[in-house]
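Dear colleague,

I am handing over the structure below, followed by an account of what was found in it. Please read the notes with the coordinates open beside them.

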Amino acid sequence: MIDEKALTTTTQEAAPVSVHPSSKKRSIDTRLDSCDPEKSSSLDLRTTKQEGDVDAQGQPILPGKTRKQTVVSNVQFASACWSLFIIGWNDGTTGPLIPRMREEYEIGFTVVSLLFVVSFVGYIVGALVNVWMTHKYGFGTVIVIGAILPVIVFSVQSAAPPFPAFAAVNFLNGLGTALQDAQVNSFIGSLTYHSATKMSIVQSFYGLGGLVAPFVSTPFAQMERWSFHYLITLGFTIVNVISFAFAFRFKSLDECLADGGEPVKPMAKGSQVSLREVMKTKTVHLLGFFILSYVGICVTLGGWIVTFIIEVRNGGPSSGYIVSGYYGGLTAGRIILLPINKWVGERRVQFVYMALALAFEFILWFVPSLPVDIAMVALLGIVLGPIYPMLFNQAARILPRHIYLGAVGWISSFGQAGSAIIPFITGAISQKYGIKSLHPMLVTMMGLMIGLLWLTPDRPPKETPGVESPEGSQSTSPTERHEP
């Protein structure tokens with residue numbers, strides 16, 4: 001007679017144990033290594049740093065980069081920084097040159113503001129075609145196309161043609177800048193190693209460009225051949241084309257990430273998403289309008305503050321240098337405030353910075369003192385500076401992976417439109433009410449920013465059937481998980 005109890009016990013003891021394939025692989029590799037006397041004294045890194053492993057704190061352990069991959073990664077990052085430097089240089093140039101343009105072409109605020117309108121059209125077109133172009137031609141090709149277009153612009157503007165032609169080519173500048181900015185932000189946002197820190201650094205180069213530009217454009221504004229300033233910008237843009245072509249070699253985003261030793265995450269393949277799918281996401285529009293308001297405030301302040309200082313505060317012809325203080329503040333804020341951002345928390349600290357910006361703006365508006373104005377402009381740059389990179393870190397936390405790259409491209413391009421439409425509106429209002437209307441406009445836009453930030457979520461949406469959540473079961477972004 002068969003003992004059923006004994007049979008059951010035997011069956012339970014013989015039941016197979018489920019072993020995760022990766023654990024089994026690591027176990028076998030470790031046993032093999034232990035047989036090798038040269039490896040028995042230390043663990044082979046290949047057995048401890050497989051992608052998907054975690055350390056004692058539960059943080060992912062990433063495979064190390066080779067020396068070649070490190071060099072490629074550094075070259076790619078340097079080319080991205082140079083691109084943002086040129087964009088900042090171009091924005092920092094406008095303010096000191098506007099008074100000279102009005103004098104040279106004998107035009108008012110509204111007409112000179114057409115420069116911003118034409119750029120706005122270019123930015124919007126860039127926002128609309130970026131996802132399609134990236135899907136059709138690839139990351140490396142689109143970023144080079146975006147770099148080539150400004151070469152045409154500054155070739156024309158350096159000759160100081162009639163104002164209609166001077167303004168019309170700004171369409172290509174807006175289009176090219178939108179494409180570059182979208183691709184650079186998508187690339188940095190797709191990095192696994194130190195993405196949040198690198199986003200702050202690359203955006204600080206925008207401020208650095210704006211810091212340096214007035215020291216060159218202000219003297220040119222007082223010269224007979226004032227437009228020759230654009231020959232310098234032309235040289236910068238030619239180097240930019242070469243830099244992008246060398247660094248990214250017309251490859252896809254996934255190939256560029258792999259060349260730099262970056263793990264190719266699922267969200268990096270989201271560049272294939274359609275614009276229609278991006279447009280269905282409410283958070284994308286909240287972030288887009290926030291960035292539009294932010295960029296609009298920054299460029300409006302940098303573009304019109306010189307005119308305000310000259311006409312209202314009776315500043316001299318060297319007032320253009322005040323823009324350097326502003327963009328220098330942007331640069332410093334994006335670097336020196338990094339520890340405070342991490343300590344306070346990016347979400348909370350943005351509200352603190354916006355409150356401080358409003359306070360500094362009111363002082364700039366109501367205190368008629370040139371030294372105070374100079375100080376307030378610099379402080380505005382410092383507190384506004386960190387907000388832009390932090391918003392893209394937030395996007396990495398809350399946007400679904402499968403639309404991330406397409407969404408970031410749209411947000412970047414659409415946000416750049418703010419650098420054109422808000423300065424134009426300011427110029428049009430100033431034509432009727434005077435440049436004093438600059439400050440009510442800035443205060444209104446800052447209030448709008450605070451409202452949009454309040455409406456924007458800071459947590460990813462709950463996972464829904466058929467849609468991959470931003471980070472699966474994790475609530476932290478890839479940039480947070482891999483920051484040191």
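The protein chain has 23 helices and 0 strands, and the model is a predicted one. Of its 484 residues, 53% count as buried, while the chain exposes about 21,000 Å², with carbon and sulfur atoms supplying 65% of that area. Among contacts between residues at least 6 apart in sequence, 82% join residues at least 24 apart.

On confidence, the mean pLDDT of the chain is 81, and 80% of its residues reach 70 or more. Over residues 1–59, however, the pLDDT is below 50, although this stretch has 33 contacts in the model beyond near neighbours in sequence; residues 267–271 also have a pLDDT below 50, with 19 such contacts. Where pLDDT is low, the predicted coordinates should not be read in detail.

Turning to the interior, the largest nonpolar core has 112 residues, and those with the most contacts inside it are Met101, Val202, Tyr294, Ile305, Leu384, Ile387 and Leu399. Helix H14, which covers residues 282–311, gives the most to this core, with 17 residues. Apart from this core lies another, of 5 residues, among them Met133, Val142, Leu149 and Leu179. Leaving aside residues up to four places away in sequence, Tyr294 touches Leu330, Arg334, Leu384, Gly385, Ile387, Tyr388 and Met449.

Helix H15 (residues 322–336) deserves a separate paragraph. At 1.5 Å a residue, its 15 residues should span 21 Å, and its end C-alpha atoms are indeed 21 Å apart, which agrees. Because 11 of the 15 residues of H15 are buried, this helix is largely enclosed by the rest of the structure; the buried residues include Tyr326, Tyr327, Gly328, Gly329, Leu330 and Arg334. What do the buried residues of H15 pack against? They pack against helix H4 (67–105), helix H10 (195–221), H14, helix H16 (338–344), helix H18 (370–384) and helix H19 (387–398).

Proline 386 lies in the loop between H18 and H19. With a relative accessible area of 2%, proline 386 falls under the 20% cut-off and is therefore buried. Its C-alpha atom is 7.9 Å from that of isoleucine 335, although the two residues are 51 apart in sequence. Leaving aside neighbours within four places in sequence, proline 386 is in contact with Gly333, Arg334, Leu337, Asn341 and Tyr353.

Two further buried positions may be worth inspecting. Asparagine 130 is found in helix H6 (residues 114–137), and at 3% relative accessibility asparagine 130 counts as buried. Which side chain does that of asparagine 130 join in a polar contact of 2.7 Å? The partner is glutamine 183, and the residues that asparagine 130 touches, not counting those up to four places away in sequence, are Val142, Leu179, Ala182, Gln183, Gly409 and Ser413.

Tryptophan 410 has its place in helix H20 (residues 404–416) and counts as buried at 8% relative accessibility. Tryptophan 410 and valine 278 are 132 residues apart in sequence, yet 8.2 Å apart in space, C-alpha to C-alpha. Beyond its neighbours within four places in sequence, tryptophan 410 is in contact with Ala127, Leu128, Leu275, Val278, Met279, Val284 and Gly415.

With best regards

Notes: Residues numbered from 1 in each chain as written. Heavy atoms only, no water. Core = buried A, V, L, I, M, F, W, Y, C linked by side-chain atoms within 4.5 Å. Buried < 20%, exposed > 50% of the residue type's maximum accessible area, 1.4 Å probe, protein only. Helix = DSSP H or I, 4+ residues; strand = E, 2+ residues; numbered from the N terminus. Contact = heavy atoms within 4.5 Å. Polar contact = N/O pair within 3.5 Å; in protein donor to acceptor, adjacent residues only side chain to side chain. Expected span 1.5 Å × (residues − 1). pLDDT = per-residue confidence, 0-100. Areas by Shrake-Rupley, 256 points an atom, 1.4 Å probe, with all protein chains shown as cover.
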